[in-house]
Amino acid sequence: MVANQDTKASQAPVIQTDNTAAVKAAIVSSETTKAAALTHPLGPLTGEEIIKGADLIRSVWPEGTKLQFKVNTLHEPEKKLLAPWLAAERAGEKPAPLNRKSFIVYTLRGTHNVHEAVVNLTANKVEFNAKLGPFQHPNSVMAELEEVEKAVLEIPEVKAEIAKLGLPEGAVVVMDPWIYGADGLKEAKFFDGKRIMQCNLYLRDPNNSSEEDSCHYSFPLPVSPVIDPATLELVRIDIMPTGHDETIKPFTYKERPANEYIPEAHTMRTDLKPLQVAQPEGASFTVKPFSELGRTLKWQKWDFKVGFNQREGMVLYDMHYDNRPLFYRLSLSDMAIPYGDPRNPFHRKCAFDLGDVGAGLTANNLQLGCDCLGSIYYISSVLGNAEGKPVDAPNVVCIHEQDSGLLWKHTNYRTNRAVVVRNRELVLQSILTVSNYEYILAFIFNQAGDITYEVRATGILSTQPLDLELTEVPHPFGTVVHPGVLGGYHQHFFSLRVDPMIDGHGNQVAYEEAEALPRDPKLNPHGHGYIVKKTVIDTTGGYDLAPSKNRTFKILNPSVKNTVNKLPVGYKVHVPPFQPILADKDSYHYKRAEFADRSFYVTKYAEGELFAGGKYTNQSHGGTGVRSWAERREDLSKEQDPVLWVNFGINHIPRVEDFPVMPMEMLKVMLRPVNFFDKNPALDVPSSKQSFNRSVGLNTEDELAKKVEGLAVSGGEMKGCCA
């Protein structure tokens with residue numbers, strides 16, 4: 001479950017456009033601020049710091065002790081220290097440097113002994129170092145996954161099971177290592193409290209077995225070894241059911257067609273003409289390093305810092321609009337993908353792609369003209385590997401502008417004058433490849449103060465083997481997407497963590513509902529009236545949408561009033577409704593995916609509570625995530641430092657059209673100002689003009705002549721729209 005990254009590419013971000021010579025955006029080179037590279041408390045760990053942290057951990061163990069590093073990332077300062085530091089920095093002061101620290105998770109090689117530590121890089125000491133308890137397993141890293149993949153296919157027992165399948169001569173078997181999941185079963189010496197991996201086997205197209213990019217998901221095999229990743233020892237071999245129930249029966253490979261996604265396997269369309277995004281004067285945003293790897297981004301009154309780490313990937317800090325504070329920290333906190341097939345071994349299948357592997361570790365090296373169009377600025381990073389060494393993560397975030405239709409328009413029908421303003425957006429995008437699946441993740445900003453978080457799911461279904469003769473028979477637990485291939489039903493859940501500071505700290509969360517008024521002979525004689533009721537959330541808990549009541553959640557600052565109506569300034573949250581997790585409340589899927597049952601959780605800020613599924617999701621048993629924190633029922637009425645967890649998702653019932661690669665499915669969450677400004681904040685965005693946009697008309701001269709005749713007959717004329 002790793003990304004395919006070109007680690008040889010340059011780490012240094014550069015702006016690349018279709019017309020580099022004309023670019024005039026004020027992109028400031030990182031070379032200008034290298035002297036301050038290590039001083040900012042939010043700067044991602046540098047390569048030197050990654051090495052230093054690992055060396056300090058080694059120093060507390062006897063010489064020669066072999067360690068494998070799972071996490072080596074920035075340990076952010078406490079909010080009570082960092083919030084005033086950032087305020088002082090923004091005020092132009094030079095606050096005293098805060099200690100740089102790293103958070104490190106590591107194992108003793110060849111064992112299941114897992115430790116977490118906090119290393120004070122400034123003071124050159126290990127401040128905290130403790131062995132983890134039961135059901136606290138670390139994430140996987142690239143080196144371990146590669147070791148597992150290589151070892152499994154060389155195990156004699158696995159080779160023997162594969163031989164029973166009767167595969168064609170020269171067949172190439174491919175293996176996807178999966179996080180094992182959890183079911184709590186204890187059989188003889190086996191218990192899922194031990195960290196293990198479930199290995200799914202596939203076949204390359206036997207008629208083209210030398211093609212490394214062959215879609216092996218078209219040829220799933222029923223043999224599924226379970227391996228100990230610490231010792232690389234075989235635990236057991238699971239045989240998958242290939243029918244409609246849990247029955248295990250002999251499986252003999254039968255010839256079936258390939259189903260490829262690579263372009264050379266298809267006849268390409270020839271009628272698609274170029275669509276090129278050009279900004280002849282360059283981009284409208286500026287990027288300035290605040291540390292060696294951290295970036296400050298300014299665009300259209302927006303001003304915020306961009307960080308990047310192993311688990312969350314892109315993180316946004318200290319967000320302001322027109323010098324007014326909005327959000328202290330924004331990030332995708334977690335995701336969970338529970339599958340709905342109740343049969344062994346599918347019943348354990350539930351991926352936590354951020355906690356089990358990491359958005360940073362799986363981030364793509366984004367390519368100009370492919371993943372991002374237009375005038376692009378790339379952010380690169382550095383991550384720690386299993387040996388405690390830095391590894392370049394090039395082009396993990398791309399930044400660009402895009403046109404998104406109209407932002408606002410009005411035509412005065414009396415004068416026929418139209419005022420049109422187009423919606424320019426700023427996009428910060430990362431793409432994750434987690435084995436078979438891709439997630440395209442983006443923060444999108446507009447000129448009216450809106451922030452959109454967008455998820456696009458694409459990639460390839462994680463497929464299951466099916467008896468070939470059942471291809472045309474409906475299956476109870478999935479959709480047949482190809483002969484002998486089942487796409488299992490599964491749900492995708494995402495949790496966006498919102499740590500607000502709307503016009504300053506001291507916020508509250510509330511929801512409003514529209515309620516019909518009862519008929520009243522004086523006030524509501526026609527039965528049309530309705531009012532809006534507000535409920536302030538003063539205790540932590542979980543909350544749901546109620547579309548029939550138009551329930552709308554808002555983050556408010558009760559201490560700051562709107563200058564027009566004196567209501568508290570705030571931001572509201574638009575989130576799509578979703579079907580909550582279908583696994584029952586006693587199941588491990590439900591216990592582990594603590595954010596998959598409610599649209600919102602509201603918690604009281606606590607240090608270290610960053611991940612909705614808990615710090616350690618690998619084979620977790622629940623009780624350490626956002627549902628558990630919310631159930632503390634803490635008072636929010638006094639200290640007023642809430643964290644809002646916005647949860648959303650889809651129930652993926654696969655289609656044939658989702659195979660061999662899935663056209664993207666999109667979800668959006670929006671944070672939108674409500675009574676925050678005294679009028680539409682985009683009134684100062686210049687009107688759309690043809691002289692500025694340079695669009696090209698495609699109508700023929702005859703068509704244009706008829707249009708002019710029609711206007712003459714009707715007497716109509718559009719004034720001032722696009723002069």
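Is Gly47 buried or exposed? Select Gly47 to find out: the residue is buried, with a relative accessible area of 16%. The model on screen is predicted, and this tour returns to Gly47 after a look at the whole chain.

**The whole chain**

Show the protein chain as a cartoon. Nine helices and 34 strands make up its list of elements. The radius of gyration of the chain is 28 Å, close to the 27 Å that the globule rule gives for 723 residues, so the chain is as compact as a globular protein of that length. Turn the view along the principal axes, and the C-alpha trace spans about 85 × 70 × 70 Å.

Next, colour the residues by accessibility. Buried residues account for 53% of the 723 residues. Switch to a surface view: the accessible surface comes to about 32900 Å², and 52% of that belongs to carbon and sulfur atoms.

Then colour by charge. There are 78 positive and 89 negative side chains in the chain. The centres of these two sets lie 7 Å apart.

A last point concerns contacts across the sequence. Taking contacts between residues at least 6 apart in sequence, 69% join residues at least 24 apart.

**Stop 1: Gly47**

Go back to Gly47 and show what surrounds it. Gly47 lies in helix α1, which covers residues 47–58. Apart from neighbours within four places in sequence, Gly47 is in contact with Val382 and Pro390. Add Glu292 to the selection: this residue is 245 residues from Gly47 along the chain, yet the two C-alpha atoms are separated by 9.9 Å.

**Stop 2: the disulfide**

Select Cys372 and Cys398 and show their side chains. A disulfide is a covalent bond between the sulfur atoms of two cysteines. Here Cys372 and Cys398 form one, with their sulfur atoms 2.1 Å apart. The count for the structure comes to one disulfide. Cys372 sits in the loop between α5 (353–357) and β18 (376–384), while Cys398 belongs to strand β19 (residues 390–412), so the pair ties together parts that are 26 residues apart in sequence.

Look along the S-S bond. The torsion about the bond is about -90 degrees, so this disulfide is left-handed. Both ends can be checked for burial. Cys372 is buried, at a relative accessible area of 1%, and Cys398 is buried as well, at 0%.

**Stop 3: two cysteines without a bond**

Why is Cys370 not bonded to Cys372? Select both and look at the gap: the sulfur of Cys370 is 9.2 Å from that of Cys372, its closest cysteine sulfur, and this is too far for a bond, since the cut-off for a disulfide is 2.5 Å. Cys370 is exposed, with 62% relative accessibility.

Move on to Cys199. The closest cysteine sulfur is in Cys350, 18 Å away, which is also too far for a bond. Cys199 is buried, at 0% relative accessibility.

**Stop 4: Gly405 in strand β19**

Stay with the strand that holds Cys398 and select Gly405, which lies in strand β19. Gly405 counts as partly exposed, at 27% relative accessibility. Leaving out neighbours within four places in sequence, its contacts are Arg422 and Asn423. Arg424 is 19 residues from Gly405 along the chain, and their C-alpha atoms are separated by 8.0 Å.

**Stop 5: backbone details in loops**

Most residues other than glycine have a negative phi, and most peptide bonds are trans. The following four places depart from that pattern.

- Select Asn344 and Pro345: the peptide bond between them is cis, with omega near 5 degrees. Pro345 lies in the loop between β16 (324–338) and β17 (350–351).
- Select Phe659 and Pro660: a cis peptide bond joins them, and omega is about 10 degrees. Pro660 is in the loop between β33 (642–652) and β34 (662–674).
- Select Ser435: its phi is near 60 degrees, a positive value in a residue other than glycine. The loop around Ser435 runs between β20 (417–434) and β21 (437–445).
- Select Arg694: this residue is not a glycine, but its phi is positive, about 55 degrees. Arg694 is found in the loop between α8 (690–693) and α9 (701–714).

Is Arg694 buried or exposed? Show the surface once more to end the tour: Arg694 is exposed, with a relative accessible area of 65%.

Conventions
Residues are numbered from 1 along each chain as its sequence is written. This is a predicted model: local features need pLDDT of at least 70, side-chain atom pairs count only at pLDDT 80 or more; totals for chains, interfaces and linings use all residues. Side-chain values use heavy atoms; hydrogens and water are left out. Helices (H or I, at least four residues) and strands (E, at least two) are DSSP runs, numbered from the N terminus. The radius of gyration is taken over C-alpha atoms; the globule rule is 2.2 Å times the number of residues to the power 0.38. Buried means under 20% relative accessible area, exposed over 50%, partly exposed in between (1.4 Å probe, protein chains only). Contact means heavy atoms within 4.5 Å. Accessible areas come from the Shrake-Rupley method with a 1.4 Å probe; for residues, only the protein chains shown count as cover. Lys and Arg count as positive and Asp and Glu as negative; His and the chain ends are not counted. The place of a charge is taken as NZ of Lys, CZ of Arg, CG of Asp or CD of Glu.
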